[in-house]
Amino acid sequence: MAAVAARRLTRRFLSSSTFQNAASASSTLLGHFHHPTSTAPRPVLTRSASAPVFQPLSAGSPRLSLDFLSADVATSGFTLFDSHLGLLLLLKPTANAGLCFLVCDPVSRRHALLPPLPAAAFSGGEFLGAALLSRAAGGSALEFRTVCITVHADRPRLWLAWSRDGEASWLGLPPSRDFRIKWPVSWSEKRCVRAAGSLYWHISNNDSALALDPNKLRLSYLRAPAMIWDDLGFPNYRIGETPVDGRLCFAALDSQVLRLCARAGSDDGWVMEREVSLTEAFDSVADLPMACTSLGDIDPGRTGKVFIRSFGHGHFSYDMDTGKLERLTTNDGQEYGHPIFAYFSAPDGGSD
């Protein structure tokens with residue numbers, strides 16, 4: 001009976017036409033949020049404890065910040081976890097080994113703290129990831145949906161939250177009966193990437209990524225195409241979208257060669273879109289050991305750039321069209337942290 005009730009609630013959770021998702025939304029890239037990190041001697045691969053900052057895309061972009069959050073929220077260890085439809089999701093661990101969820105809209109300067117997850121979420125379960133699913137279209141209310149994934153033994157369990165102006169509750173679906181987590185949960189990145197309408201979690205030392213269809217709430221695995229890794233062993237591949245048409249793509253950086261392959265139209269095939277040596281670009285940066293570089297992400301803002309990390313030598317963007325490699329620094333000289341979240345305006349053109 002509990003499973004039947006959960007299915008009914010899930011259908012109700014997904015059925016509302018007032019909510020927008022990535023497939024139905026049209027919005028404008030305003031810039032990027034990240035946690036900046038000091039340059040030296042602190043390696044950029046070390047997680048930063050700094051507060052999130054916003055880097056505007058251009059001189060005409062708004063100058064956003066999270067200074068509207070109360071002092072106890074702004075300085076209490078929240079870290080960026082997702083950016084979607086003009087909203088940011090931030091998480092922090094709690095004293096009882098749980099998680100605190102904060103969602104905010106930097107444009108309208110509103111925020112909501114979600115209630116704690118039910119105790120069953122972490123009773124014998126491990127946290128795998130969390131993400132924003134959708135937000136209500138128009139209206140004056142701050143209304144959105146989120147998902148949290150925990151793993152119990154080898155079975156994933158989804159926890160769904162629906163919040164409207166600070167009033168929220170969690171719905172726990174039964175652990176999956178037909179889908180298994182085949183690797184230690186510690187191998188997965190807790191933050192997802194968004195591409196072609198789905199959510200993906202990268203898994204270390206694995207040729208597949210975990211995928212979630214946000215419209216059906218179904219988990220699956222997506223295997224990296226052989227052309228991206230078969231002659232490289234297991235390179236550091238990343239999932240993203242092609243900048244022009246938003247096709248699902250994979251990128252890998254190994255031996256200073258950047259490869260990017262994308263879906264071949266609407267079928268399941270893959271085509272190599274780019275294969276370029278970055279040796280010359282790396283040589284243009286003084287004191288950058290090429291052996292210390294790794295691919296950070298494909299820019300989720302679909303700018304045609306990829307982010308490249310280095311151990312103790314900075315954070316860079318590489319423009320796949322111009323071949324230009326740029327060091328990413330803030331106005332006060334700090335390095336961009338990882339990950340870098342693209343921030344788009346709300347789909348209706350504003351958040352007020």
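The paragraphs below walk through a predicted model of one protein chain, from its overall make-up to a sheet and a single loop residue.

A good place to begin is the overall inventory. The protein chain contains four helices and 24 strands. Of its 352 residues, 51% are buried. The chain exposes about 15900 Å² in total, and carbon and sulfur atoms supply 50% of that area. Contacts also link distant parts of the sequence: when residues at least 6 apart in sequence are considered, 53% of the contacts between them join residues at least 24 apart.

Confidence in the prediction comes next. The average pLDDT for the protein chain is 86, and a score of at least 70 is reached by 83% of the residues. Strand β13, covering residues 198-201, has the highest confidence, at 98. At the other end of the scale lies helix α1, residues 2-15, where the mean is lowest, at 58. Another stretch to read with this in mind is residues 42-46, over which pLDDT stays under 50. For these residues the model has 17 contacts beyond four places in sequence.

Among the strands, one sheet makes a helpful landmark. This open sheet is built from four strands in the order β4-β5-β6-β7, with antiparallel pairing. Its edges are formed by β4 (79-84) and β7 (110-113), each of which pairs on one side only. On average, neighbouring strands here are turned by 20 degrees against each other, direction ignored. In general, the strands of a sheet pair through backbone hydrogen bonds, in either a parallel or an antiparallel manner. At the β4 edge, five bridges connect β4 with β5 (residues 87-93), and these two strands run antiparallel. Within this pairing, L80 has L90 of β5 as its bridge partner.

Finally, a closer look at one residue, T329, shows how a loop position fits into the model. T329 sits in the loop that links β23 (325-327) to β24 (341-344). Its relative accessibility is 36%, which lies between the 20% and 50% limits, so T329 counts as partly exposed. Once neighbours within four places in sequence are set aside, T329 is in contact with Q334, E335 and Y336. The model also allows a comparison with a distant part of the sequence: P36 is 293 residues away from T329 along the chain, while 8.4 Å separates the C-alpha atoms of the two residues.

How values were computed. Residues are numbered from 1 along each chain as its sequence is written. This is a predicted model: local features need pLDDT of at least 70, side-chain atom pairs count only at pLDDT 80 or more; totals for chains, interfaces and linings use all residues. Side-chain values use heavy atoms; hydrogens and water are left out. Buried means under 20% relative accessible area, exposed over 50%, partly exposed in between (1.4 Å probe, protein chains only). Contact means heavy atoms within 4.5 Å. Accessible areas come from the Shrake-Rupley method with a 1.4 Å probe; for residues, only the protein chains shown count as cover. Two strands pair if DSSP finds at least two bridges between them. Axes are lines fitted to C-alpha atoms, for helices over the stretch in contact, and angles run from 0 to 180 degrees between N-to-C directions. pLDDT is the predictor's confidence in each residue, from 0 to 100.
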